[in-house]
Amino acid sequence: MKKIKQILAIIGVIVLAGLYISTIVCAVSASENFMNMLMTSIYASVIIPVLIWAYSFIYKLIKKDSEEKDTAEH
């Protein structure tokens, strides 16, 4: 389980670094849609970490509840 968490953390870091790089590229690009791309990139840079935190928080709550049920049954 620890190895899986490490791999997912590395993937998360790579995705976030890619989002930050794309934000910079969108900010300096001269494309006609640069504003849409910039806003999407900034939005994703905020929302993705929040969703990852929320999923991990809910997972911990569910795991804690299931462990308490197992302890209560024994």
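Q: Where is the cut-off above which a residue counts as exposed, and on which side of it does W53 fall?
A: A residue is called buried under 20% relative accessible area, exposed over 50%, and partly exposed in between. In this predicted model, W53 has a relative accessible area of 56%. That value is over 50%, so W53 is exposed.

Q: Is F57 buried, partly exposed or exposed?
A: The same scale helps here: partly exposed lies between the 20% and 50% limits. F57 has a relative accessible area of 41%, so the label for F57 is partly exposed.

Q: How many aromatic pairs are there, and which residues form a pair?
A: Ring centres must lie within 6.5 Å to pair, and planes under 30 degrees apart count as stacked. By this rule the count is 1 aromatic pair. Its rings are 5.2 Å apart centre to centre with 10° between the planes, which makes it stacked, and the partners are W53 and F57.

Q: Why are W53 and F57 separated by about one helical turn?
A: Both residues sit in helix α2, which covers residues 34-73. The separation is about one helical turn because W53 and F57 are 4 residues apart.

Q: How many helices and strands does the protein have?
A: Let's start with the regions that UniProt, in an unreviewed entry, marks as "transmembrane region": residues 7-30 and 42-62. Residues 7-30 are 92% helix and 0% strand, with end C-alpha atoms 36 Å apart. Residues 42-62 are 100% helix and 0% strand, with end C-alpha atoms 31 Å apart. For the whole protein, the tally is 2 helices and 0 strands.

Q: What distance does helix α1 reach from its first C-alpha to its last?
A: Helix α1 spans residues 2-28, which is 27 residues. At 1.5 Å a residue, 39 Å is expected. The reach in the model is close to that, at 39 Å.

Q: Which residues of α1 are buried?
A: Across the 74 residues of the protein, 12% count as buried. The protein exposes about 6400 Å², with carbon and sulfur atoms supplying 72% of it. Within α1, the buried residues are G12, L16, L19, T23 and C26.

Q: Which element gives the most residues to the lining of the largest pocket?
A: About 510 Å³ of space lies in the largest pocket. Its lining has 17 residues, and K5, L8, A9, I52 and S56 are the closest to its centre. The elements giving two or more residues to this lining are α1 and α2. With 9 residues, the element that gives the most is α1.

Definitions and conventions:
Residues are numbered from 1 along each chain as its sequence is written. This is a predicted model: local features need pLDDT of at least 70, side-chain atom pairs count only at pLDDT 80 or more; totals for chains, interfaces and linings use all residues. Side-chain values use heavy atoms; hydrogens and water are left out. UniProt positions are given in the numbering used here, feature names are shortened, and annotations may be inferred rather than shown by experiment. The expected span of a helix is 1.5 Å times one less than its number of residues. Buried means under 20% relative accessible area, exposed over 50%, partly exposed in between (1.4 Å probe, protein chains only). Accessible areas come from the Shrake-Rupley method with a 1.4 Å probe; for residues, only the protein chains shown count as cover. Rings of Phe, Tyr and Trp (its six-membered ring) pair if their centres lie within 6.5 Å; planes under 30 degrees apart count as stacked, over 60 as edge-to-face and the rest as tilted. On a 1 Å grid over the protein atoms alone, a cavity is a set of points where a 1.4 Å probe fits but cannot get out, and a pocket is an open set with protein on both sides within 12 Å along at least five of seven lines; lining residues have an atom within 4 Å of a point. Grid points are joined across faces, edges and corners, and a volume is the space filled by probe spheres set on the points.
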